[in-house]
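Could you take me on a walk through this protein, one selection at a time? I have the viewer open and would like to know what to click on and what I will find there.

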Amino acid sequence: MVDAITFLKTRRSTPAKTLQSPVPARAEIEALLEIAARTPDHKKLEPWRFIVLSEAALKRLGPLVEARYDALGLPAEKREKTCSQFTDGLMAVAVIASPKPCDTIPEVEQTLSAGAVCLALLNGALASGWGANWLSGPMAFDRGFLAKGLGLEPQEFVAGFIHIATRGATPPERPRPNIPGITTWQNT
Ligand SMILES: Cc1cc2nc3c(=O)[nH]c(=O)nc-3n(C[C@H](O)[C@H](O)[C@H](O)COP(=O)(O)O)c2cc1C
């Protein structure tokens with residue numbers, strides 16, 4: 001096992017298409033959810049929750065995704081990519097952004113916390129030796145899919161589908177941001 005700094009300096013998502021069986025067992029997924037929920041959360045609102053989607057559940061959702069994709073009139077060339085996330089998926093955790101009414105914590109902070117949960121889950125899975133990929137796609141925001149497929153409340157949406165399974169070939173590194181180009185220093 002590499003140390004934490006080496007992991008953070010070298011971590012790399014695994015494209016969902018390259019993920020293979022087996023997927024983590026229930027106890028391993030539960031351990032990853034504990035890691036994911038150990039995330040900054042202003043005022044402990046817990047503005048997120050999890051829906052664990054097995055291969056069978058992803059497949060069951062496939063026809064609904066296809067129907068919603070067509071109903072939304074989305075581009076034909078991206079249909080296969082969107083639908084295969086479900087029809088070919090092996091396991092995914094839907095991290096649900098679930099904002100809570102609060103006078104002091106704006107919704108954007110709650111959404112940021114949900115995004116942080118996604119990264120914690122992704123990194124927890126990668127650090128545990130799994131392959132993992134954070135995907136969204138049009139279904140993450142489509143009310144028709146969210147209500148019927150996942151049973152979400154009107155204020156909820158999918159912050160991320162975190163696909164977790166066995167990694168295949170190591171993906172090539174992708175270009176990383178140029179830090180000086182996006183950083184200013186205020187020293188006085
Ligand atoms: C909120 C969010 C949604 C994403 N949705 C998709 C997606 O739907 N399809 C896709 O190909 N990549 C998507 N990505 C990008 C993948 O996660 C991509 O693999 C990632 O940029 C790899 O970064 P890494 O190697 O630093 O982990 C998304 C990323 C984020 C943060």
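Start by selecting residues 55–71, which form helix H3, and residues 143–150, which form helix H6. This is a predicted model, and in it these two helices pack with their axes 10 Å apart, at an angle of about 160 degrees. Angles over 145 degrees count as roughly antiparallel, so H3 is roughly antiparallel to H6. Turn the view until one helix lies over the other: H3 passes H6 in a right-handed crossing.

Now show the side chains where the pair meets. On H3, pick Leu 61, Leu 64, Val 65, Arg 68 and Ala 71. On H6, pick Gly 144, Phe 145, Lys 148 and Gly 149. Colour them by character and you will have 5 nonpolar, 2 polar and 2 charged residues in this contact.

Next, hide those and select helix H2, residues 26–37, together with helix H5, residues 107–127. At what angle do the axes of H2 and H5 cross? They cross at roughly 135 degrees and come within 8 Å. H2 and H5 are therefore oblique to each other, and their crossing is right-handed.

Bring up the residues of this second contact. H2 offers Leu 32, Ile 35, Ala 36 and Ala 37, while H5 answers with Val 117, Ala 120, Leu 121, Gly 124 and Ala 125. With the colouring still on, count 8 nonpolar residues, 1 polar and no charged in the contact of H2 with H5.

Time to visit the ligand. Which residues are around the ligand? Select Arg 12, Ser 13, Asn 133, Trp 134, Leu 135, Ser 136, Gly 137 and Gly 160 to see them. Strand E3, residues 131–135, gives the most to this shell, with 3 residues. The shell divides into 2 nonpolar, 5 polar and 1 charged.

Finally, zoom out and show the whole protein as a cartoon. You should find 6 helices and 4 strands. Follow the chain from the N terminus, and the elements run α-α-β-α-α-β-α-β-α-β. The radius of gyration is 18 Å, close to the 16 Å that the globule rule gives for 188 residues, so the protein is as compact as a globular protein of that length. Rotate the C-alpha trace as a last stop: along its principal axes the trace spans about 55 × 45 × 35 Å.

Methods. Residues are numbered from 1 along each chain as its sequence is written. This is a predicted model: local features need pLDDT of at least 70, side-chain atom pairs count only at pLDDT 80 or more; totals for chains, interfaces and linings use all residues. Axes are lines fitted to C-alpha atoms, for helices over the stretch in contact, and angles run from 0 to 180 degrees between N-to-C directions. Angles under 35 degrees count as roughly parallel, over 145 as roughly antiparallel, 65 to 115 as roughly perpendicular and the rest as oblique. A crossing is left-handed if the near helix is turned anticlockwise from the far one by less than a right angle, and right-handed if clockwise. Two residues are in contact if their C-beta atoms, placed from the backbone, lie within 7 Å. Ala, Val, Leu, Ile, Met, Phe, Trp, Tyr, Cys and Pro count as nonpolar, Asp, Glu, Lys and Arg as charged, and the others, Gly among them, as polar. A residue is near a molecule or strand if its C-beta atom, placed from the backbone, lies within 6 Å of it. The radius of gyration is taken over C-alpha atoms; the globule rule is 2.2 Å times the number of residues to the power 0.38.
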